[in-house]
Amino acid sequence: MSSLHEQIQQYEAEITAFTPIDATELENFRIRFLGTKGIVKQLSTEMKNVPPEQRKEAGMLLNSFKQLAEGKYDAHKDMQQAGASKGPSVDITLPGTPLPTGTRHPLRIVENQIVSIFEKIGFSVATGPEIEDDWHNFTSLNMPEHHPARDMQDTFYVSQNPDWVLRTHTSSTQARVMENQQPPIRVICPGRVYRNETISARAHCFFHQCEGLYIDKDVSFADLKQTLYYFVTEMFGEDTKVRFRPSYFPFTEPSAEMDISCTVCGGSGCSLCKHTGWVEILGCGMVHPNMLRNFNIDPEVYTGYAFGLGVERITQIKYQVNDLRLYSQNDVRFLRQFQSL
Ligand code: PHE
């Protein structure tokens with residue numbers, strides 16, 4: 001009896017570990033265990049050697065062993081039949097079919113580039129909410145209610161709360177940083193912003209910005225120019241020229257807009273630069289003393305600069321994308337072109 005018991009244990013281990021690769025192996029398994037001269041048959045002929053008082057127990061043991069072998073066989077038979085009915089069976093020894101990986105979105109690629117250029121010179125990343133209150137999006141930025149500069153940005157208001165807007169720029173994140181941190185402050189704020197514009201090749205109701213803010217003692221306009229010039233040479237190459245034009249933003253004084261020499265035609269004139277040789281890429285200026293005061297930063301002690309650039313604009317110049325709508329249409333023929341980046 002003990003030898004019957006031992007044999008069954010050994011065979012059970014074999015059966016449990018068994019995984020056939022193909023139909024032949026499964027058939028061999030059937031013949032070995034369940035065939036007319038198979039192991040189950042052999043063991044049952046040994047039953048006559050078992051002393052009568054142990055026969056009942058041995059019979060049960062043998063029966064469950066038989067069920068184990070049959071169960072294994074039936075399960076694999078079913079699997080093979082299911083596989084066969086769907087066409088040729090799968091050769092599991094072959095390497096798998098690779099799943100195609102997605103690609104980074106061009107705007108994300110460019111945003112990452114912009115962020116890493118500024119990170120190299122000590123800027124850290126700050127992010128903020130897309131649904132913003134009036135204080136952080138407008139009032140604290142020296143744009144009180146009824147200030148005409150609010151009309152520069154066609155704002156989406158949130159109907160549930162008249163105080164809430166979809167942020168029109170990531171300057172709102174700069175406001176939040178100033179609220180929570182004393183100088184020195186050196187942050188870059190990437191993110192999506194919203195403006196109520198009719199969607200066309202040149203305008204969209206949402207787009208992306210990266211805005212920078214640096215506040216410390218003795219920060220000057222020369223620092224701003226040098227930082228932006230560094231950014232341009234890193235992003236577009238050393239031969240790129242910059243020029244600053246006076247401009248107006250309520251939260252900076254003086255304010256400027258910066259153009260770069262057209263990287264597509266090299267200045268000779270093309271549709272990107274509208275035959276001027278220059279393309280505008282950002283707005284900037286020295287942080288307005290009123291804004292510093294709004295966050296309890298003493299403008300007699302600290303000065304700072306800020307700049308805001310559009311990620312779509314940089315991407316358009318870098319990759320000559322001529323229609324803003326392409327960025328949000330999810331057309332893989334467009335998106336796949338950035339696969340290698
Ligand atoms: N917030 C401005 C805009 O969205 C850009 C800007 C940022 C200008 C910082 C000056 C300084 O148009």
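This is a short chat about the ligand site, the pocket and some backbone features of a predicted model.

Visitor: What should I know about the numbering and the cut-offs?
Guide: Residues are numbered from 1 along each chain as its sequence is written, and side-chain values use heavy atoms, with hydrogens and water left out. As the model is predicted, local features need pLDDT of at least 70 and side-chain atom pairs count only at pLDDT 80 or more, while totals for chains, interfaces and linings use all residues.

Visitor: OK, how many residues surround the ligand?
Guide: There are 14, counting a residue if one of its heavy atoms lies within 4 Å of the ligand. The closest are H169, S171, R195, Q209 and E211.

Visitor: What do they divide into?
Guide: The shell has 5 nonpolar, 7 polar and 2 charged residues. Ala, Val, Leu, Ile, Met, Phe, Trp, Tyr, Cys and Pro count as nonpolar, Asp, Glu, Lys and Arg as charged, and the others, Gly among them, as polar.

Visitor: Which ligand atom does a polar side-chain atom of S171 lie 3.0 Å from?
Guide: A nitrogen atom. For R195, a polar side-chain atom is 2.9 Å from a ligand oxygen atom, and for Q209 a polar side-chain atom is also 2.9 Å from an oxygen atom of the ligand. The protein covers 92% of the 330 Å² of accessible area that the ligand has on its own (Shrake-Rupley method, 1.4 Å probe).

Visitor: Where does the ligand sit?
Guide: In the largest pocket, meaning that more than half of its atoms lie within 2 Å of the pocket's grid points. A pocket here is an open set of points on a 1 Å grid over the protein atoms alone, where a 1.4 Å probe fits, with protein on both sides within 12 Å along at least five of seven lines; lining residues have an atom within 4 Å of a point.

Visitor: Which element gives the most to the shell around the ligand?
Guide: β9, with 3 residues. Strands are DSSP runs of E, at least two residues, and helices are runs of H or I, at least four, numbered from the N terminus.

Visitor: Back to the pocket. What volume does it have?
Guide: About 1,400 Å³, taken as the space filled by probe spheres set on grid points joined across faces, edges and corners. Of its 45 lining residues, R202, F207, E280, G310 and R313 are the closest to its centre.

Visitor: New topic: which residues does a cis peptide bond join?
Guide: P183 and P184, with omega about 0 degrees; P184 is in the loop between α7 and β4 (185-194). The bond from E253 to P254 is cis too, with omega near -5 degrees, and P254 is in strand β7.

Technical notes:
Polar contact = N/O pair within 3.5 Å; in protein donor to acceptor, adjacent residues only side chain to side chain.
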